[in-house]
Amino acid sequence: MTSGGIRIKAWVAMACALFCGAAWANPEPGQLNMTRGVTEWSSEPYFLNNVALGVCVVIGVLVFGAMFVAMFRFRKSRGAVAEKWSHNTMLEVVWTTIPVIILIVLAYLATGGLKTFADTTGSQMTVKVTGYQWKWRYDYVDYQGKAVEKVGFMSKLDRESDETRQLKSGMDPYAVKVDGYNTYLLNVDEPLVVPTDTKIRFVITAGDVIHSWWVPALGWKMDAIPGIVNAAWTNIKEPGVYRGQCAELCGQDHGFMPIVVKAVPKAEFEQWLAAKEQAAKQPAAPAAPAAASTAAAPATAQVAPATAPQG
């Protein structure tokens, strides 16, 4: 393959990423459109966004086009004389009826999308998501009709991003990368691992203030509210790592509360889950006995110099 062919393919990939939003699931700098997503349902909001955008563009072109034509073609300097009529029944019926029809069509499409999103029946897996200031907790409730025993963990901002964000750290945020992807403030110490081709039900709540669990590649976000359990579902079709953030202002460290979802094939997930369950069953190692207070000090211990007698 020639270098010219490689350059052409690179430009095509970049154009798809910027103008189609389909090349990568995670949002990219400079991306103009919504991300298409990687789930069974994520095409719904992507489609609705494009339809609504198209309607807005058409309306904008017609309205501003008519306005500019009226201003330049029928201006006073060209001898235009204003009409004396003040109402036109047919025109008013038309420009009232058309917007109503547009709104009805958009409402019908949006309602259909919301109905499918709200239907969590037939889920093969349940994950409980709890938001805290400023981290997430994930608890695996069941999988394929069987309860999952004691598999859960906290997921918080990774150490490298946390050290870099500190005032006067001197560290470069652009140098924080994983597999060539800049993950500054977008990586965690332990991601949420889920299987592909599985309908997963999320039950989402919070332990302190309102948070919002949002991963753009999944096509939705859901508020995490203390005392309330919201439900959502996803079915990820492509293995990969998908990143998001808390989307509800929840305090001073709101911007340091990322989400990472790692989707793997079912067989790999089942091995991971079995290992986690096995580890949870292992008894905790006994704590080491405390050293006796009369134990001799180690040879390397520093001893304060004796104070010279006064006088």
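Student: Let me set the cut-off: buried means under 20% relative accessible area, and exposed means over 50%. On that scale, is Asp-253 buried or exposed?

Tutor: Asp-253 counts as buried, because its relative accessibility is 18% and the limit is under 20%. Keep in mind that this is a predicted model.

Student: Fair enough. Which side chain does Asp-253 meet in a salt bridge?

Tutor: Its partner is Arg-165, with an N to O distance of 3.8 Å. Unlike buried Asp-253, Arg-165 is partly exposed, at 26% relative accessible area.

Student: Where do Asp-253 and Arg-165 sit in the chain?

Tutor: They belong to distant parts of it, 88 residues apart. Asp-253 is in the loop between strand S12 (240-246) and strand S13 (258-264), while Arg-165 is in helix H4. There's also a network of salt bridges here, linking Asp-162, Arg-165 and Asp-253.

Student: Nice. How many salt bridges turn up over the whole structure?

Tutor: The search finds six. Among them is the one between Lys-156 and Asp-189, at 2.9 Å from N to O. Those two are 33 residues apart: Lys-156 is in the loop between strand S4 (152-155) and helix H4 (159-165), and Asp-189 is in the loop between strand S6 (181-182) and strand S7 (192-195).

Student: Are Lys-156 and Asp-189 buried or exposed?

Tutor: They fall in between. Lys-156 is partly exposed, with a relative accessible area of 40%, and Asp-189 is partly exposed too, at 42%.

Student: What about Arg-137, which residue does its side chain meet?

Tutor: That one pairs with Asp-139 in a salt bridge of 3.1 Å, N to O. Arg-137 is partly exposed, at 25%.

Student: Which residue lies 9.6 Å from Asp-139, C-alpha to C-alpha?

Tutor: Glu-149, which is ten residues from Asp-139 in sequence. Glu-149 sits in the loop between strand S3 (146-147) and S4 and is partly exposed, with a relative accessible area of 45%. Setting aside residues up to four places away in sequence, Glu-149 touches Glu-277 and Ala-280.

Student: Back to the S6 to S7 loop. What else is in there besides Asp-189?

Tutor: Leu-185 is one of its residues. At 14% relative accessibility, Leu-185 counts as buried. Beyond neighbours within four places in sequence, Leu-185 is in contact with Leu-157, Ser-161, Arg-165, Gln-245, Gly-255, Phe-256 and Pro-258. So Arg-165 comes up again: it contacts Leu-185, because heavy atoms within 4.5 Å count as a contact.

Student: How far is Leu-185 from Thr-164, going by C-alpha atoms?

Tutor: They are separated by 9.2 Å, and lie 21 residues apart along the chain.

Student: Switching to polar contacts: which side chains does the side chain of Asn-33 contact?

Tutor: Two other asparagines. Asn-33 makes a polar contact with the side chain of Asn-49 at 3.2 Å, and another with that of Asn-50 at 3.3 Å. Asn-33 is in the loop between helix H1 (3-20) and H2, and at 17% relative accessibility it counts as buried.

Student: What sort of surface patch does Val-58 help make?

Tutor: A nonpolar one of about 880 Å². Val-58 is in helix H2 (residues 43-73), and it is joined in the patch by Ile-59, Leu-62, Val-63, Phe-64, Met-67, Phe-68, Met-71 and Phe-72.

Student: Let's zoom out. What is the secondary structure, and how much of the protein is buried?

Tutor: There are five helices and 13 strands. Of the 311 residues, 28% are buried. The protein exposes about 20,100 Å², and carbon and sulfur atoms supply 63% of that.

Student: And what share of the contacts with a separation of 6 or more comes from residues 24 or more positions apart?

Tutor: Those pairs account for 60%.

Student: Last one. What's the average pLDDT?

Tutor: It is 84, and 83% of the residues score at least 70. Residues 1-24 have a pLDDT below 50, with 27 contacts in the model beyond near neighbours in sequence. Residues 292-311 are also below 50, and that stretch has zero such contacts.

Key
Residues are numbered from 1 along each chain as its sequence is written. This is a predicted model: local features need pLDDT of at least 70, side-chain atom pairs count only at pLDDT 80 or more; totals for chains, interfaces and linings use all residues. Side-chain values use heavy atoms; hydrogens and water are left out. Helices (H or I, at least four residues) and strands (E, at least two) are DSSP runs, numbered from the N terminus. Buried means under 20% relative accessible area, exposed over 50%, partly exposed in between (1.4 Å probe, protein chains only). Accessible areas come from the Shrake-Rupley method with a 1.4 Å probe; for residues, only the protein chains shown count as cover. A salt bridge is a side-chain nitrogen of Lys or Arg within 4 Å of a carboxyl oxygen of Asp or Glu. Patches are made of residues with over 30% relative accessible area and no salt bridge: like charges are joined within 9 Å, nonpolar side chains (Val, Leu, Ile, Met, Phe, Trp, Tyr) within 5 Å. A polar contact is a pair of N or O atoms within 3.5 Å; within protein, one must be able to donate a hydrogen and the other to accept it, and residues adjacent in sequence count only if both atoms are side-chain atoms. pLDDT is the predictor's confidence in each residue, from 0 to 100.
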